[in-house]
Amino acid sequence: MNILNETYTLSNGVEIPKLGLGTWFIDDDKAADAVRAAIEIGYRNIDTAQAYGNERGVGEGVRTSGVAREDLFVSTKLAAEIKDYDAAAAAIEESLAKLDIGYIDLMLIHAPQPWYDFRGGDYAEGNRQAWRALEDAHKAGKIRAIGVSNFLQPDLENVLASGTVAPHVDQVLLHAGNTPEELLAFCGERNILVQAYSPIAHGTLLDSREIKAIAEKYQVSVPQLCIRYTLQLDTQPLPKTANPAHMRSNAALDFEISEADMTALRTLDERDYGEHAAFPVYSGK
């Protein structure tokens, strides 16, 4: 079975393709080419964000791909610093205009705190307001599913307690060596799909001896092993690349990781992100 043809079903019945393309760090003027290449290879799930500055290019790639809009799944994210209803509502309209693809399949709050205060102060009320704006756009049919990103359990509990729609998705940093078991269990119990961004840990896992050894056993690349790992956790990976050869190999996942190797990967601790350690990297930009 080709992974590019497989889907998960969100709690509201919307189908989302199991493998997506992340577009973080792909410049706006290169995004359309990357998106068209991915769609030609068979990708149907494209992830962007207001913070990436490439929504216009992603939308152009979708519109000029030659594939019907309803056969594609496009996600974007509300900028992390937007924590009031009016600003969130205006930003949602801005994303709809920039993408120019009719509607958005999934829109997330990018982080529970602004990037300059990531994991810092209390933004519970601001998140409730941003969530209400997403709910209203969802009810109006402008967005098919809504969710959050980088939300920890208390952040999720805040919107679950106050909202009328439970988040359909929580997109988090998840990879072999960084598996947030309690958050996965919490989301699983509430039918919230976990999306895994940077499943290769910004590339730092390419140098992991343990992961290389397991990948060699299956005669696959480290990225293939890492992406397959997140799929076997029932999460939805979003590997980022503008390189069509990498897009192809990232989707060649026709192997199964054994239970013993899954356990080994789950218990690894690989969280030294080198040059990407100033996390998240939008701070101060």
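**Figure 1. The side chain of N178 contacts the backbone oxygen of L173 in this predicted model.** The separation is 3.1 Å. N178 sits in the loop that runs between β8 (169-173) and α6 (181-189). Its relative accessible area is 14%, so N178 is buried. Leaving aside residues up to four places away in sequence, N178 touches L173, L268, R271 and Y273. L173 therefore appears twice in this view, as a residue touched by N178 and as the owner of the backbone oxygen that the N178 side chain reaches; the burial of N178 follows from the 14% value, because buried means under 20%.

**Figure 2. The largest nonpolar core holds 88 residues.** Six residues have the most contacts inside this core: Y43, L78, I92, I211, L225 and L265. Helix α1, residues 28-41, gives the most to the core. Its share is seven residues. In soluble globular proteins, nonpolar side chains tend to be buried together.

**Figure 3. A close-up of L78 shows its contacts beyond the neighbouring sequence.** Residues up to four places away in sequence are not counted here. L78 touches A88, A91 and I92, among others. Its contacts also include M107, L108, I109 and H110. Q50 and A130 are touched by L78 as well. Both L78 and I92 are among the residues with the most contacts inside the largest nonpolar core.

**Figure 4. The largest pocket encloses about 460 Å³ of space.** The pocket is lined by 20 residues. Closest to its centre are I200, H202, G203, K240 and T241. Helix α9, residues 244-250, gives the most to the lining. That helix supplies three residues.

**Figure 5. D100 and A201 each have a positive phi.** Phi is near 55° in D100, a residue other than glycine. Phi of A201 is also near 55°, again in a residue other than glycine. Most residues other than glycine have a negative phi. D100 belongs to the loop between α3 (85-99) and β6 (104-109). A201 belongs to the loop between β9 (193-197) and α7 (209-217). Are these residues buried, partly exposed or exposed? D100 has 46% relative accessibility, so D100 is partly exposed. A201 has 0% relative accessibility, so A201 is buried.

**Figure 6. C187 and C226 are buried cysteines in a structure with zero disulfides.** The search for disulfides covered the whole structure. C187 counts as buried because its relative accessibility is 1%. For C226 the value is 0%, so C226 also counts as buried.

**Figure 7. N5 and K18 are paired here by the distance between their C-alpha atoms.** These atoms are separated by 8.0 Å. Along the chain, N5 and K18 are 13 residues apart. N5 lies in the segment before β1 (7-9). Its relative accessibility is 54%, so N5 counts as exposed.

**Figure 8. G13 and A130 are 117 residues apart along the chain.** Their C-alpha atoms are separated by 23 Å. G13 is placed in the loop between β1 and β2 (15-17). At 49% relative accessibility, G13 is partly exposed. A130 is also one of the residues touched by L78.

Methods. Residues numbered from 1 in each chain as written. Predicted model: local features only at pLDDT ≥ 70, side-chain atom pairs only at ≥ 80, totals over all residues. Heavy atoms only, no water. Disulfide = S-S within 2.5 Å. Buried < 20%, exposed > 50% of the residue type's maximum accessible area, 1.4 Å probe, protein only. Helix = DSSP H or I, 4+ residues; strand = E, 2+ residues; numbered from the N terminus. Polar contact = N/O pair within 3.5 Å; in protein donor to acceptor, adjacent residues only side chain to side chain. Contact = heavy atoms within 4.5 Å. Core = buried A, V, L, I, M, F, W, Y, C linked by side-chain atoms within 4.5 Å. 1 Å grid on protein atoms, 1.4 Å probe; cavity = no way out; pocket = protein on both sides within 12 Å on 5 of 7 lines; lining within 4 Å. Points joined across faces, edges and corners; volume = space filled by probe spheres on them.
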